[in-house]
Amino acid sequence: MSRTCDFCDAEEGKPRPLGKFKVELTPVKAQDGTTKYACQSCVVHHRDKFEGNETKKNSIAQKFQKVLSSFLG
């Protein structure tokens, strides 16, 4: 039995149904503390679900808050 991506169910070593690239799984730590496996595409598209990762939107918002706080004292 081979492993599959926990996000899209693509099977490791076989062509991904969407994109047709060979699936390589990467272990990632989910926000709930469990280890999940993600294919190359899902590592990018679901990064907001991984522990320690933030979405670009949240990162920009936090930077804006820091800058605003520095001006307001």
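## A walk through a small predicted fold

Start by selecting Arg3 and Tyr37: the charged end of Arg3 sits over the ring of Tyr37, at 4.3 Å from the ring's centre. Keep in mind as you go that this is a predicted model.

**Zoom out to the whole chain.** Switch to a cartoon view and follow the chain from its N terminus. You'll pass through the elements in the order β-β-α-α, so to speak two strands and two helices in total. The protein has 73 residues, and 16% of them count as buried. Now turn on the surface: about 5,700 Å² is exposed, with carbon and sulfur atoms supplying 55% of that area. What share of the contacts with a separation of 6 or more comes from residues 24 or more positions apart? Here that share is 22%.

**Next stop: Glu24.** Select Glu24, and you'll land in the segment before strand 1, which covers 26-29. Is Glu24 buried, partly exposed or exposed? Its relative accessible area is 48%, so Glu24 is partly exposed: the exposed class begins over 50%. Now show what Glu24 touches. Leaving out residues up to four places away in sequence, you should find Ala38, Cys39 and Gln40. Add Cys5 to your selection as well. Glu24 and Cys5 are 19 residues apart in sequence, and their C-alpha atoms are 8.9 Å apart in space.

**On to helix 1.** Click on Ser41, which belongs to helix 1, residues 40-45. Ser41 has a relative accessibility of 16%, and buried means under 20%, so Ser41 counts as buried. Which residues does Ser41 contact, once neighbours within four places in sequence are set aside? Show Arg16 and Phe21 to see them.

**Then helix 2.** Move along to residues 56-72, the stretch that forms helix 2, and pick out Leu68. With a relative accessible area of 39%, Leu68 falls between the 20% and 50% cut-offs, so this residue is partly exposed. Now add Phe64, Val67, Phe71 and Leu72 to Leu68 and colour the group: together they make a nonpolar surface patch of about 590 Å².

**Last look: the rings.** How many aromatic pairs does a search of the whole structure find? The count is zero. To finish, go back to where you began, with the charged end of Arg3 over the ring of Tyr37.

Note on methods: Residues are numbered from 1 along each chain as its sequence is written. This is a predicted model: local features need pLDDT of at least 70, side-chain atom pairs count only at pLDDT 80 or more; totals for chains, interfaces and linings use all residues. Side-chain values use heavy atoms; hydrogens and water are left out. Patches are made of residues with over 30% relative accessible area and no salt bridge: like charges are joined within 9 Å, nonpolar side chains (Val, Leu, Ile, Met, Phe, Trp, Tyr) within 5 Å. Accessible areas come from the Shrake-Rupley method with a 1.4 Å probe; for residues, only the protein chains shown count as cover. A salt bridge is a side-chain nitrogen of Lys or Arg within 4 Å of a carboxyl oxygen of Asp or Glu. Helices (H or I, at least four residues) and strands (E, at least two) are DSSP runs, numbered from the N terminus. Buried means under 20% relative accessible area, exposed over 50%, partly exposed in between (1.4 Å probe, protein chains only). Contact means heavy atoms within 4.5 Å. Rings of Phe, Tyr and Trp (its six-membered ring) pair if their centres lie within 6.5 Å; planes under 30 degrees apart count as stacked, over 60 as edge-to-face and the rest as tilted. A charge sits over a ring if NZ of Lys or CZ of Arg is within 6 Å of the ring centre and within 35 degrees of the ring normal.
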